[in-house]
Amino acid sequence: MLEVKDIQKTFGSLTAVDDLNFTIKPGEIMGLIGQNGAGKTTTFRIILKLLTPDKGDVFWNEHHLTTKTFDKIGYLPEERGLYPKVSIENQLLYFAQLRGKKKSEIKPLIDQWLDRFEVKGKKTDKVKTLSKGNQQKVQLISTLIHQPELIILDEPFSGLDPVNAELLEDGIREAKANGACIIFSSHNMNNIEELCDSLIMLKDGKPVLNGTVRDIRQQFGRTKLFLESDLTPEELHLFPGVKSVEKTNDGIDVVYLTETEDGKAIFNAATKDGYIPTFSQQPPTLEEIFKRLAGEKNE
Amino acid sequence: MNKYWVITKEVYKKNIKSFGFLIMVLSPLIVVAFIAGLTYYFSQEEQQTPDLPIAVIAEDEGIDQLFSNEEWNLEVNEAIETEQEAEEALLDESIGGYLVAEVVDGTIQAELVHTNELSDQSPMIQEALSTYQTMLRADQLDLAPEAVLALSEPALLENRLINIDEGTLMEEDFADQFIQQGGAYFVSIAIMIFIMTYAGIIAEEVANEKGTRIMEVILSSASATNHFFGKLTGVMLILLTQLAIYAVVGGAAYLYFRDFQFIQDIVGGVDIASILQELMGYTLIFFIAGVLMYVVLAAFFGSLATKMEDVNKAVTPIIFLALTGFYVGMFALSAPDNSFVAVFSYIPLFTPFVMPFRIAAGTVSTLGIWLSIFGTVGFAIVISIISLAFYRSNVLIYSDTNLLGTIKRSWSIMQSNRKARRQQA
């Protein structure tokens, strides 16, 4: 179990991370979102002990996370890199050895991992002969092959096509099933919604969202209404609490409300003659929440 | 396996198997072989020229016999008996020159006619003739052979080289000094070459890992200390491998070629054992400390670079430092007493280049030598510690500012981490 408690880190006058708290239990996935420069990479570097926090602590299984925990970590940095002139096999063996594994433990696993991630190329090929996508997959394998208990992935989906993204999602799900604590950052909210049990959004180093995806969406209220009825936009505007109305290409009205309760009056009016094909009142998507929070000025 | 050794092994294996290493090891060997070949070729050329025989035209039987003696390495064309024949033979270049000699009243009057081919042989010929003349005159004066020997015995002149050292006259062994200076010169050049090569290798290693972000993965797997010293050890092992290859190749070449006349001509006067002894002494200490110091600095500067392409820019300061040392060393070769040289010989970064010349010239006391050795080794340890401290924060900085800017930011990260650790403690 990973516990981050009251973390604060400043560089001179810049506060990189402030008042950050979270816990990831075994078999849980946490998403870390935020704009560029919000403090995600700093958070990862603090967990990885590359940086020392000014305040607060990181705990692994209720003890301070120390260099002794390193062997249990799998880390994929944001910008990808491998040794271009070293073969796939030697590369994977080297990184696994640095995580405290023996060559003989890892060697038999390499083929099946390369198969699973559909890496095109022989394991004796030098990395520089592989395409960028395949290099990225080799690096993912090197992050996961030693079966880490704490997996930290910085923007793992960036640059992957949908097929490879699917392979990565499967890989993450399998690690979760094996009981690993997983934390990853992403700019793609779909990945977060699909995979994460909980998420944190950082803004200027401070957490502005913290909780499960469902709870976070709910706390913003069901203020987005998808409606297919006889009501015209002009009529909709007359209801109390309606902020705006948009029409989608499919002819569905999207009504933005102030409160969840504002939907009831519209429902009653729309269904007074019985059946309508669409009435769906939803909380805002993560992406909308993200944009809204990121756009807000600091108080 | 210990992570330190995992890193050391990886660095070593990767480099040893590279094409660059092969080139690095072979190129000096090729240069040496080329120079040796060239020297051999020219010496053969030189030896061939006086191979032409000479003619000796003398009425006196004794003079004739003098030169037909086997011990002479001059070949005498006995068929030529007159000056006219000799001139013809000289024209068609079948002889290199001719000697006309006659004895007039116990005095030998001789003329050596040649096209400057026999200049080297001329003193030898004169000496032979003089000896013969002495014998002739001794005969006239009825002197016993012992008396002749006694008369012709040269006076003894011994050269005693001394050195003025701190107000006293010191005995100086000339051969020893020559060897020491040669050793110092050799070490100076070797340090220069090895620094250039190995500073490049380690700076590239570090900058490559930093540029590709492998560094972050490694430093979250192993401690910065393990990584830094693992890399250093790996690179130093590559250096030792290169030296070992040279030792083996050199030894084998010596055993194989030592019976060749040409090699004996060159090596004959030199005591190889004493050269090796010289190299194994202070010189070796300076060599290793020197390379180590610069390699540590190179790792530090390499960790400042953001991309591989910046490596050359990052190691430039080191190259300049080494060049400065090298030129002061060359200056020390000609002016080992200079006070400027004396000061530089105690500055650790320059000690390996300058001190060997001062030792060779005998202008430094044993205490001074040991002071400089402790200084150099101590400095190497201090910069290792400082470099390591910076290393950890250097590798997290990716900026386009200049080196100084990067060092400043690295310093602030280091301070921030240190402050944080103090607060937590």
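**Exercise 1.** Which residues of H15(B) are buried? Then check the helix length.

Solution. The model is predicted.
- Step 1: In H15(B), the buried residues are B:Ile369, B:Ser372, B:Thr376, B:Ala380, B:Ser384, B:Tyr391, B:Arg392, B:Ser393 and B:Asn394.
- Step 2: An α-helix has 3.6 residues a turn, so residues three or four places apart point the same way.
- Step 3: Helix H15 of chain B covers residues 366-394, which is 29 residues. At 1.5 Å a residue, 42 Å is the span to expect.
- Step 4: The end C-alpha atoms lie 40 Å apart, which agrees.

**Exercise 2.** Find where H12(B) bends, and compare its reach with the expected value.

Solution.
- Step 1: Helix H12 of chain B runs over residues 311-334 and has 24 residues.
- Step 2: From first C-alpha to last, H12(B) reaches 35 Å, close to the expected 34 Å.
- Step 3: The bend is at B:Pro317, by about 35 degrees.
- Step 4: Buried residues of H12(B) include B:Val315 and B:Ile318.

**Exercise 3.** Lay out the six-stranded sheet of chain A, then place H6 of chain A.

Solution.
- Step 1: The sheet is open, with mixed pairing and the order E6-E7-E8-E3-E9-E10.
- Step 2: E6 (73-76) and E10 (206-212) of chain A each have a single partner strand, so one side of each lacks a neighbour in the sheet.
- Step 3: On average, neighbouring strands are turned by 15 degrees against each other, direction ignored.
- Step 4: E9 (residues 198-203) and E10 of chain A pair in the antiparallel sense over six bridges. A:Lys203 stands opposite A:Lys206 in E10(A).
- Step 5: Helix H6 (residues 162-177) of chain A lies across E3, E7 and E8 of chain A. H6(A) runs at about 150 degrees to E8(A).

Notes: Residues are numbered from 1 along each chain as its sequence is written. Chains are lettered from A and ligands numbered from 1 in the order in which they are written. This is a predicted model: local features need pLDDT of at least 70, side-chain atom pairs count only at pLDDT 80 or more; totals for chains, interfaces and linings use all residues. Helices (H or I, at least four residues) and strands (E, at least two) are DSSP runs, numbered from the N terminus. The expected span of a helix is 1.5 Å times one less than its number of residues. The bend at a residue is the angle between axes fitted to the seven residues ending there and the seven starting there. A residue is buried if 20 or more other C-beta atoms lie within 10 Å of its own, exposed if 12 or fewer, and partly exposed in between; C-beta atoms are placed from the backbone. Two strands pair if DSSP finds at least two bridges between them. Axes are lines fitted to C-alpha atoms, for helices over the stretch in contact, and angles run from 0 to 180 degrees between N-to-C directions. Two residues are in contact if their C-beta atoms, placed from the backbone, lie within 7 Å.
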